[in-house]
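Reader: Could you walk me through this one, a feature at a time? I'd like the general idea first, then the case at hand.

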Amino acid sequence: MKSISIKKKLFSTLFDKYYKRLFNYAFKVVNHRNIAEGLVQETFIKLWENIENIKDDERSIESYLITVLKNKIIDNHRKKQTQEKHFNLYKLNTEFAVDIDSKWELEKEIDNIYNSLDPKTSEIFKLSRNKGLTYPEIASLKSISVKTVESHVSKALQTFRKKLKDYL
């Protein structure tokens with residue numbers, strides 16, 4: 001086992017020699033200064049933790065540092081993808097929940113409007129819009145004039161427009 005002072009001196013020498021090269025490589029890949037600095041820092045932390053296990057030849061150390069940095073970059077990329085995936089799922093779920101809530105509120109408001117209409121107006125409007133009957137068909141079915149059907153439907157439409165203006 002190397003003594004702490006030898007370990008510090010070796011680490012300091014390696015840091016000075018390889019930091020800039022490793023930073024430039026990381027920056028080229030991640031294109032973000034702070035992330036690149038963090039990844040290189042993590043690489044040197046790993047070096048510090050394993051410095052006793054690394055051969056003292058320069059090729060082994062350089063190879064070790066590059067391998068660790070590449071793995072850190074890959075881990076960072078995976079982490080970023082996972083975060084984006086979770087963020088997108090969260091965003092989708094919250095948008096979906098808002099849509100469900102809005103739809104439920106709208107349906108509730110439509111029911112309230114139907115209930116607020118005169119029963120005859122509501123019935124005629126439902127025959128027109130929900131059942132798809134024409135004005136003459138409704139007039140014949142209800143034994144009223146086509147003009148009366150038009151009047152009821154017009155009254156219902158005005159009420160719906162007025163009360164649903166916030167949803168439109």
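Author: Let's begin with burial: a residue is buried under 20% relative accessible area, exposed over 50%, and partly exposed in between, with a 1.4 Å probe and protein chains only. Keep in mind that this is a predicted model, where local features need pLDDT of at least 70, side-chain atom pairs count only at pLDDT 80 or more, and totals for chains, interfaces and linings use all residues. Residues are numbered from 1 along each chain as its sequence is written, and side-chain values use heavy atoms, with hydrogens and water left out.

Reader: Is Glu109 buried, exposed or partly exposed?

Author: Glu109 is partly exposed, because its relative accessible area is 23%. Glu109 sits in helix H3, and its C-alpha is 7.9 Å from that of Leu164, although the two are 55 residues apart in sequence. For the chain as a whole, buried residues make up 24% of the 168 residues.

Reader: How many helices and strands does the chain have?

Author: Helices here are DSSP runs of H or I with at least four residues, strands are runs of E with at least two, and both are numbered from the N terminus. The chain has 6 helices and 0 strands, so the pattern along the sequence reads α-α-α-α-α-α.

Reader: How do I spot a helix that isn't straight?

Author: Compare its end-to-end reach with the expected span, which is 1.5 Å times one less than its number of residues. H2 has 18 residues and reaches 26 Å, close to the 26 Å expected. H1 has 27 residues, yet its end C-alpha atoms are only 34 Å apart, short of the 39 Å of a straight helix.

Reader: Where does H1 bend?

Author: At Tyr18, by about 45°. That bend is the angle between axes fitted to the seven residues ending there and the seven starting there. Tyr18 is also among the buried residues of H1, along with Leu14 and Leu22.

Reader: Which residues touch the most other members of the largest nonpolar core?

Author: A nonpolar core is a set of buried Ala, Val, Leu, Ile, Met, Phe, Trp, Tyr and Cys residues joined through side-chain atoms within 4.5 Å. This one has 20 residues, and those touching the most other members are Tyr18, Leu22, Val40, Phe44, Leu47, Leu65 and Leu69. H1, H2 and H3 are the elements that give two or more residues to this core, and the largest share, 7 residues, comes from H1. On the H2 side, Val40, Phe44 and Leu47 are among the buried residues of that helix.

Reader: What about loops with a positive phi?

Author: Try Asn31, in the loop between H1 (4-30) and H2 (33-50). Its phi is near 55°, a positive value in a residue other than glycine, and Asn31 is exposed, with a relative accessible area of 61%. Ser143 has a positive phi of about 55° and isn't a glycine either. Ser143 lies in the loop between H5 (135-142) and H6 (146-163) and counts as exposed at 66%.

Reader: Which element gives the largest share of the lining of the largest pocket?

Author: Rolling a probe the size of a water molecule over the atoms shows where empty space is left. On a 1 Å grid over the protein atoms alone, a pocket is an open set of points where a 1.4 Å probe fits, with protein on both sides within 12 Å along at least five of seven lines; lining residues have an atom within 4 Å of a point. H3 gives the largest share here, 6 residues. Residues lining the largest pocket include Val29, Val30, Ile35 and Ile73.
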